Every structure is written in structure tokens, then in C-alpha cells.
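Reader: Could you walk me through one part of this model in close detail? I would love a connected account rather than a list.

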Amino acid sequence: MSVLLQISDTHFGTEQPPVVAALLALARQQAPELVVLSGDITQRARPAQFMAARAFTEQLAAPLLAIPGNHDIPLFDLWARLRRPYARHCAAFGADLEPTHASDGLMVLGVNTTRPWRHKHGEVSRPQIERVARSLAGARPGQLRVVVVHQPVVVTHAADAPNLLRGHAAALRHWADAGADLVLGGHIHLPFVARLDHGLSRPMWAVQAGTALSSRLRRGMPNSVNLLRWGSSSASAGCCEIEQWDFSAAEQAFVRVRVTEVRPSRARAV
């Protein structure tokens, strides 16, 4: 079985120590094959915030795939924003802004959807779309095919529509044709799973994560992360279980609150 832990919008600089401790405990308990950090790792892209984020991820004791979010580009340091926008991210997490992970059960492809000239809006370019599609087309039959972006490719509230990833419609069409199963995102601090099959050659699902550690909570929503299980003996054959885990202040721990089962149409169970 492959287990993927999706963490998003940690916003180090606003992290809450009890939630940090609880998430480390969850990671130790679940022992994921891969941790995906889908952007907005820091609050203001300051060196100390990246150092704190790096120290946290090292304690997870699992391979890490991290992409930047809009908050991970300096906002007030204009020279750094224009000349070396990703220098601090790269110092903490490596030079590859679009990392990948491949195993018998998983193909995970990171996409850098931030742009230094934008304040918060994200964008995916034609070369990025085509690069991801080529990689997806080469996936092995048993791999769950996952693309990671920061800004969402679908929203459930009209107020979130301005946050949609620019270029998402073309990206979803090409990635569906190439065999993608899931698109992971963050940015809007709202966890949900949504089926994406309108106008696509095959169904995919958007998997959105809430804010993992930050005090910048969306109204009424607790801190939240996702666990994905592929090839689990508890799931129906060929299904991926997507679990939402929320932080419980009463229990001082992350607790599973929802399980969504999806059935990729081309991938096979491991």
C-alpha cells in the first residue's frame, strides 16, 4: 500500500505549537511513503520562517515533495522578489521547483504555479502543461498519477473563483488525456474532494487541503491535512481512499473526519 500525506498552507511564522506537535505525531503513526507540501510554506518568505519549516519537515522522517506558494516569494523585499524570488525556498528545499516522485504505486508531479510578478494569483503555462502530460503518459499501469499545484483548479464557493489557477481548463484537458487521476492543491484553506469530469476525456478528482498548522484559519474550519491510501486492503479494488484529518482542540490531536473513495478509470490497484 502507498500512503501519501498532503500538507498545505503551513504559513510558518503563524504556526501553532500544539498543532505542530499533533501533526508530527500523526506522521509518525501513519509513516507515509511521501509527504507533499503544496505551497504557502511560510507566511512572508523570511529566512527564519524557511528554517523553521525545514526543521519541521526533517522531523517527519519521510521523503518530501515541496512546491512554493505565493507566500513563499518575498513580498516587501522588492529586490529579492524580482531578482531572486525563489532563493530562500531553494536554500531550504532544494533547487528543483517542480520536483517529482516515482515508486511502484505512485507518480507525483509538482508544478510551480507561482509567478513573481503576481501578488497571489497562480498560472500554469503551456510548456508546463505539456511537460506534465508527457510524464503522465509514461506512467506505469499500477501507479496512481498525481499532479500537485498550489492554487485550486476548482472551487466550491463563488467567492473563491478569483483564486482559480489561470490556465486550469487547458491543463485539466491535457492531463486527463494523459491519464492523470488526482490534482492536489491548497491556497484557499478549504479541504474538499471534487470530481472533475465536465468536458474531460476521463474523470479526475481535485483534492484540496486546508491549512495544516497556521492560525490563519478559514472561518469555521480547523487545521486540516489529507492522507491518501492507494492499494489499501480496506478499500474496494482499484480505489483510492482520501482521508481528511482535522485537528481536534479537545483531543490535541488530528482525527479522521471524512473518507472519500475514488476509482481511477485507467490506473490499476497495486
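Author: Happily; here is a look at one run of paired strands, followed by a helix pair and a single arginine. Please keep in mind that this is a predicted model.

Let us start with strand E11, which spans residues 240–248. How many of its residues are buried? The count is 9 of the 9, so the strand is largely enclosed by the rest of the structure. You can follow this on either side of the strand. Cys-240, Ile-242, Gln-244, Asp-246 and Ser-248 lie on one face, with Glu-241, Glu-243, Trp-245 and Phe-247 on the other, and all of them are buried. Both faces of E11 are therefore covered, in keeping with a strand that is largely enclosed.

Now for the neighbours of E11. Strand E10, residues 224–230, pairs with E11 in the antiparallel sense over 7 bridges. To find the register, look for Ser-224, which stands opposite Asp-246 of E11, and for Leu-227, whose bridge partner in E11 is Glu-243. Strand E12, residues 253–262, also runs antiparallel to E11, and 9 bridges join the two. Here Ser-248 has Ala-253 of E12 as its bridge partner. E11 and E12 form a hairpin with 4 residues between the strands, and in this hairpin Gln-252 takes a positive phi near 55 degrees.

Going back to E10, we find a strand that is mostly covered, with 7 of its 7 residues buried. Ser-224, Asn-226, Leu-228 and Trp-230 point one way, while Val-225, Leu-227 and Arg-229 point the other way, and all are buried. E10 also pairs with strand E1, residues 2–7, in the antiparallel sense over 5 bridges. One position to check in that pairing is Leu-4, whose bridge partner in E10 is Leu-228.

Next, the helices. The axes of helix H5 (residues 126–137) and helix H6 (residues 168–178) come within 8 Å and cross at roughly 15 degrees. Angles under 35 degrees count as roughly parallel, and H5 and H6 are therefore roughly parallel to each other. Their crossing is right-handed. On the H5 side of the contact you will see Arg-126, Ile-129, Val-132, Ala-133, Leu-136 and Ala-137, which meet Ala-170, Ala-171, His-174, Trp-175 and Ala-178 of H6.

Which residues of H6 are buried? They include Ala-170, Ala-171, Leu-172, Trp-175, Ala-176 and Ala-178. What covers the buried residues of H6 includes H5, along with strands E6 (144–148), E7 (182–185), E8 and E9. Just past the helix, H6 is followed by Gly-179, with a positive phi near 105 degrees.

E8 and E9 also lead us to the arginine. Arg-202 sits in the loop between strand E8 (192–196) and strand E9 (204–208). Is Arg-202 buried or exposed? Its relative accessible area is 6%, and buried means under 20%, so Arg-202 counts as buried. The side chain of Arg-202 has polar partners there. A polar contact of 3.0 Å joins it to the side chain of Asp-181, and the Arg-202 side chain makes another polar contact, of 3.4 Å, with the side chain of Ser-265.

Notes
Residues are numbered from 1 along each chain as its sequence is written. This is a predicted model: local features need pLDDT of at least 70, side-chain atom pairs count only at pLDDT 80 or more; totals for chains, interfaces and linings use all residues. Side-chain values use heavy atoms; hydrogens and water are left out. Buried means under 20% relative accessible area, exposed over 50%, partly exposed in between (1.4 Å probe, protein chains only). A polar contact is a pair of N or O atoms within 3.5 Å; within protein, one must be able to donate a hydrogen and the other to accept it, and residues adjacent in sequence count only if both atoms are side-chain atoms. Two strands pair if DSSP finds at least two bridges between them. Axes are lines fitted to C-alpha atoms, for helices over the stretch in contact, and angles run from 0 to 180 degrees between N-to-C directions. Angles under 35 degrees count as roughly parallel, over 145 as roughly antiparallel, 65 to 115 as roughly perpendicular and the rest as oblique. A crossing is left-handed if the near helix is turned anticlockwise from the far one by less than a right angle, and right-handed if clockwise. Contact means heavy atoms within 4.5 Å.
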